Amino acid sequence: MTGLERFQDAFLKPELIERYWPDIVSGIAVTLQIAVAVVVTGLALGLFLAVIRSYRIRLLNLPIIVFVDIFRALPPLVVILIVYFGLPNLGINIPGFAVLWLVLSLVLAAFAEEIFWSGIVSVRKGQWDAARSTGLDHWQTLTSVILPQAIRICVPPLTNRTIAVTKNTALGTVIGVGEIMNQGTSAMSLSGNATPLMMAAVAYVVIFVPVVALGSWIERRFAWKRA
Amino acid sequence: MEIFLFQFLNLDIMRQAWPLILSGAQMTVLLCLAVIPLGLFGGLLVATGSISQWRALRWATKAYVDFFRAVPPLVLLIVIYSGLPFAGIRMSPFMAVCIAFFLNASSFYGEIFRAGVESVGRGQWEAARSTGLTWLQTYRFVVLPQASRNVLPDLVSNTVEVIKLTSIASVVSFTELLYAADMARSVTYNTSPIVLAAVLYLIVLWPVVRLVSRLEHRLGH
Amino acid sequence: MSALLDVRGLRKSFGTTEILRGIDFSVAAQELVFVIGPSGSGKSTMLRCCNRLEEPTAGHVFVDGVDLMAKGTDINAMRRRIGMVFQAFNLYPHMTALGNVTLALRKVLGKGREEAEAIGIAALDRVGLKEKAGNYPSELSGGQQQRVAIARALSLEPKIMLFDEPTSALDPELVGAVLGVMRDLKEAGMTMVVVSHEMRFARDAADRIVFMADGQILEQGSPAEIFGNPQNPRTRDFVGELSR
């Protein structure tokens, strides 16, 4: 066998590609579902917390800040293991994919809150004064004057952070969630061949390279607004 | 409540697990000391490549950066550690982690440095070159110091990410903090060791996260 | 041939736009030459070609007899002999005034810290800013920053100094001190080429005025000739416009 054939035999074996193709596809479906769910709940929760914080009620702000700091400081995998192995011990049984969704949503929410909040405070105080002087209340000022301005500077960091958290869906493999990586590695040990692993890696590249490219495009598009 | 404390904040179990956790923490520190400088160094190379005069090199660095920013680090690590042996390339978990982190961190640090270098005006280059400094001297003494200062919050916050990311080394059986904690968990059937590991991460990273927020808010205005 | 700076057949294009269309001029030792002309006439580009910050499309630039365009010329060694002062100062914001002055002394000339600092302090003293040696650019006024920039160029003992609109970015009340430093340099025998709109200063201090328009030198002569009796109609319009 030539070197190239040997390489193909270990990493790109056609019959294995054919055999494990459905597994990888189902992994892709799981990854995408969890990713979308995480983006929706994470961003919504993050925005919700930032809005609450804008009321500047100390009793509510403190727990928000603590929550945000903790989830920005902890490695997501640590939290995933705590929740996944800890909850059953309390008699609460939730499946792995739900743990992954929950933890990643909380992580994204923490980062998103911080970004939304930075955006809100970056709008000059005169905007609040002007809006309130015309009789708008706090909620009206926030939603119709402040947030539309804040959102602009939030978009680039939010995009990057969202992509980063979404990539963490691969961590699900550690707790047996049937996402792409899990499908790839279990097929690899079943077949004794690296082909399924390569398929999984390629699937990630195919999904995330366009997303990252989109992210940098958004970053450039919005760049001129800053500075 | 009692069962919660028993499962998550069990001081007896934490005490038993402490020596194991401590040695894991030492390995994490060691790992950070290896991968952060590696990543920063690689990032400088990437940034330098991405502002090169040669179009081919610029495109190559762009492709490198986009690719390794897109691949989840865990995927990269598993491919290197479990995939490469099929090509006859075997390495220790430590080596695999170093390579994966170099590829991943250098592309993120590289983008940050590039933004920093681009934030330094053309006049700085011209002034330095007009006094006879070479390109490299100008880059090293005039541009890079300003560039890194301009993107300091991003550098620090990416370093936090790198430190957090070292936890995935546990997946390839590198005996760092999370691996040690999870080992203790599987022996004791109790989650407290991982909570203890989390506390260690928090003690180190919480102040840094606070600092990053401060820096970002200050530079934002 | 006593010309310290000799520019021959200098051309520069950006894409299809021709900015310099054949410039010939020379500057003798200790001469102060003032380059004037409407904006967009190519004055700054010409100046920036004199140390190859801008790469000429064609032509030659000789400084002290050395061809800057020749392959074997060490451009960095030549550049330290050609001081340049910029409109926007371009001080290094991460270094003190003294750090700004000593960087090239240490890195290009390889001087030790102590020697470099002694030279740097002397250079700052010449521009009247010795006591600001430890200040960062952001702590200095525009006029002070520009004087530090002059000291930065001066410390390298240049044969010739190029000034690219050195006072255009300054508030009017800060211009005087910078011009004062330039006048001192002139008196000390420095060779200078100045692109500027400070016509009063040009009249007082310049040995020769060069009038440029559309990438060409249209007329040159003593201040009295150019301001008093311009020959070219474009010069006449430009000078008339200014004195109105």
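1. In this predicted model, the contact between chain B and chain A draws 47 residues from chain B and 48 residues from chain A. Together the two chains bury about 3900 Å², and 75% of that area lies on carbon and sulfur atoms. Of the two pairs of chains that touch, chains A and B have the most contacts.

2. The polar side of the interface between chain B and chain A can be itemised as well, and the rule finds two salt bridges across it. In one of these salt bridges B:Arg210 is paired with A:Asp69, with the closest N and O atoms 2.6 Å apart. Eight residue pairs are also found in polar contact across the interface of chain B and chain A, both residues of each pair being at pLDDT 80 or more. On the side of chain B that touches chain A, the elements giving two or more residues are helix H1 (2-8), helix H3 (55-70), helix H4 (73-83), H8, helix H9 (177-188) and helix H10 (192-219) of chain B. H10(B) provides the largest share of that side, namely twelve residues. Sorted by class, the side of chain B that touches chain A consists of 30 nonpolar, ten polar and seven charged residues.

3. Chain B also meets chain C, in a contact to which chain B gives 18 residues and chain C gives 21 residues. The area buried between chain B and chain C is about 1700 Å², with 57% of it on carbon and sulfur atoms. For a reader who wishes to set the two interfaces side by side, the corresponding values for chain B and chain A are about 3900 Å² and 75%.

4. How many salt bridges are counted between chain B and chain C? The count is one salt bridge, and C:Arg48 forms a salt bridge with B:Glu126 in which the closest N and O atoms are 2.5 Å apart. Between chain B and chain C there are, in addition, five residue pairs in polar contact, again with both residues at pLDDT 80 or more. Helix H6 (122-130) and H7 of chain B each supply at least two residues of the side of chain B that touches chain C, and H6(B), with eight residues, accounts for the largest share of that side. The residues of this side divide by class into six nonpolar, eight polar and four charged.

5. Chain A and chain C are not joined by any contact, and their closest C-alpha atoms lie 18 Å apart. Chain B, by comparison, is in contact with chain A through 47 of its residues and with chain C through 18 of its residues.

6. Turning to chain B itself, the chain has ten helices and zero strands, and the pattern read along its sequence is α-α-α-α-α-α-α-α-α-α. Taken along the principal axes, the box filled by the C-alpha atoms of chain B is roughly 70 × 50 × 25 Å.

7. Within chain B, the axes of helix H7 (residues 135-150) and helix H8 (residues 152-165) come within 4 Å and cross at roughly 65 degrees, and H7(B) and H8(B) are therefore roughly perpendicular to each other. Since the range counted as roughly perpendicular is 65 to 115 degrees, the crossing angle of roughly 65 degrees should be read with that cut-off in mind. The residues that meet are B:Ser148, B:Arg149 and B:Asn150 in H7(B) and B:Leu152, B:Pro153 and B:Leu155 in H8(B). By class this contact has three nonpolar, two polar and one charged residues.

8. Over all chains the structure holds 24 salt bridges. One salt bridge in chain A joins the side chains of A:Glu114 and A:Arg72, at 3.5 Å from N to O. This pair links distant parts of the chain, 42 residues apart, with A:Glu114 in helix H5 (residues 96-122) and A:Arg72 in helix H3 (residues 58-73) of chain A.

9. Two backbone angles in chain C may be worth inspecting. Most residues other than glycine have a negative phi. C:Gln30, which is not a glycine, nevertheless has a positive phi of about 70 degrees, and its place is in the loop between strand E2 (17-28) and strand E3 (32-36) of chain C. C:Phe89 likewise has a positive phi, near 65 degrees, and is found in the loop between strand E6 (82-85) and helix H3 (97-107) of chain C.

How values were computed:
Residues are numbered from 1 along each chain as its sequence is written. Chains are lettered from A and ligands numbered from 1 in the order in which they are written. Side-chain values use heavy atoms; hydrogens and water are left out. Axes are lines fitted to C-alpha atoms, for helices over the stretch in contact, and angles run from 0 to 180 degrees between N-to-C directions. Angles under 35 degrees count as roughly parallel, over 145 as roughly antiparallel, 65 to 115 as roughly perpendicular and the rest as oblique. Contact means heavy atoms within 4.5 Å. Ala, Val, Leu, Ile, Met, Phe, Trp, Tyr, Cys and Pro count as nonpolar, Asp, Glu, Lys and Arg as charged, and the others, Gly among them, as polar. Buried area is the accessible area (1.4 Å probe) that two parts lose on being put together, summed over both. A salt bridge is a side-chain nitrogen of Lys or Arg within 4 Å of a carboxyl oxygen of Asp or Glu. A polar contact is a pair of N or O atoms within 3.5 Å; within protein, one must be able to donate a hydrogen and the other to accept it, and residues adjacent in sequence count only if both atoms are side-chain atoms.
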